[in-house]
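Me: I am new to this structure and would like to know how its descriptions are reached. Please take me through the reasoning step by step.

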Amino acid sequence: MRRLKWGVLGCSGFARRRSIPAMMQSKSTVLVAVASRSRERAESFSKHFSLSKAYDSYHDLLNDSEIEAVHIPLPNAMHCDWAVAALQNGKHVLVEKPFATSFDAAEAMVSLAQQKNLRIMEAFMWPFHPQHKKALELIEE
């Protein structure tokens, strides 16, 4: 299986505690870079997780041709703008909940992803949780 190269926009507590450690356990993911508005914070995150790159600009991470997909654990009001910017830079996108703050924003994000032939998804784990596979097995029995 080829591993997709990821970058993370932002150094949130959620990213530090939850999403980055989970991504690092994935067999289909290589976490390459993190971006923050602060060089020091990006470098601290990068060192903590042994990432090869740290950016003090979200745009710089999006312009990195090595990065194929981005995770966006930014404040809710920033999801749409940065998802659109990522898609415009040819990146697949995983957006934290909520996906968008309005129907129009969500529709614009999905439409752009379709136009660019890219994937965009809300980081909603429940459909993929192993308990659902087990529940389906029990139902089928």
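What follows is a set of questions and replies about how the terms apply here.

Me: How should the numbering and the model be read?
Reply: This is a predicted model, in which local features need pLDDT of at least 70 and side-chain atom pairs count only at pLDDT 80 or more, while totals for chains, interfaces and linings use all residues. Residues are numbered from 1 along each chain as its sequence is written, and side-chain values use heavy atoms, with hydrogens and water left out.

Me: Why is Ser-46 called buried?
Reply: Buried means under 20% relative accessible area, exposed means over 50%, and partly exposed lies in between, with a 1.4 Å probe and protein chains only. Ser-46 has a relative accessibility of 8%, and therefore counts as buried. Ser-46 sits in helix α2, residues 39-48, where helices (H or I, at least four residues) and strands (E, at least two) are DSSP runs numbered from the N terminus.

Me: What does Ser-46 touch?
Reply: Leaving aside residues up to four places away in sequence, Ser-46 touches Val-34, Leu-51, Lys-53 and Ala-54, a contact being heavy atoms within 4.5 Å.

Me: Is Phe-49 buried or exposed, and how do you know?
Reply: Phe-49 has a relative accessible area of 8%, so the residue is buried. Phe-49 is placed in the loop between α2 and β3 (53-55), and, not counting residues up to four places away in sequence, Phe-49 touches Arg-16, Ile-20, Pro-21 and Met-24.

Me: Why is Ile-139 described as buried or exposed?
Reply: Ile-139 has a relative accessible area of 68%, and therefore the residue is exposed. Its place is in helix α6, residues 130-140.

Me: What makes Ser-50 and Asn-117 worth a look?
Reply: Ser-50 has a positive phi of about 55 degrees although it is not a glycine, and Asn-117 likewise has a positive phi of about 55 degrees without being a glycine. Ser-50 belongs to the loop between α2 and β3, and because its relative accessible area is 65%, Ser-50 is exposed. Asn-117 lies in the loop between α5 and β6, and at 66% relative accessibility Asn-117 counts as exposed.

Me: How does the span of α5 agree with what is expected?
Reply: Helix α5 (residues 103-116) has 14 residues and reaches 20 Å from its first C-alpha to its last, close to the 20 Å expected at 1.5 Å a residue. The expected span is 1.5 Å times one less than the number of residues in a helix.

Me: Which residues of α5 are buried, and why are they placed on the same side?
Reply: The buried residues of α5 are Ala-105, Ala-106, Met-109, Leu-112 and Ala-113. They cover an arc of only 135 degrees around the axis, so they are on the same side of α5, where the arc is that of the directions from the helix axis to the C-beta atoms. Their cover includes α4 (79-88), β5 (92-95) and β6 (120-122), whereas the face of α5 turned away from the buried side carries the exposed residues Phe-103, Asp-104, Gln-114 and Gln-115.

Me: What is the form of the peptide bond from Lys-97 to Pro-98?
Reply: The bond from Lys-97 to Pro-98 is cis, with omega near -5 degrees, and Pro-98 is found in the loop between β5 and α5.
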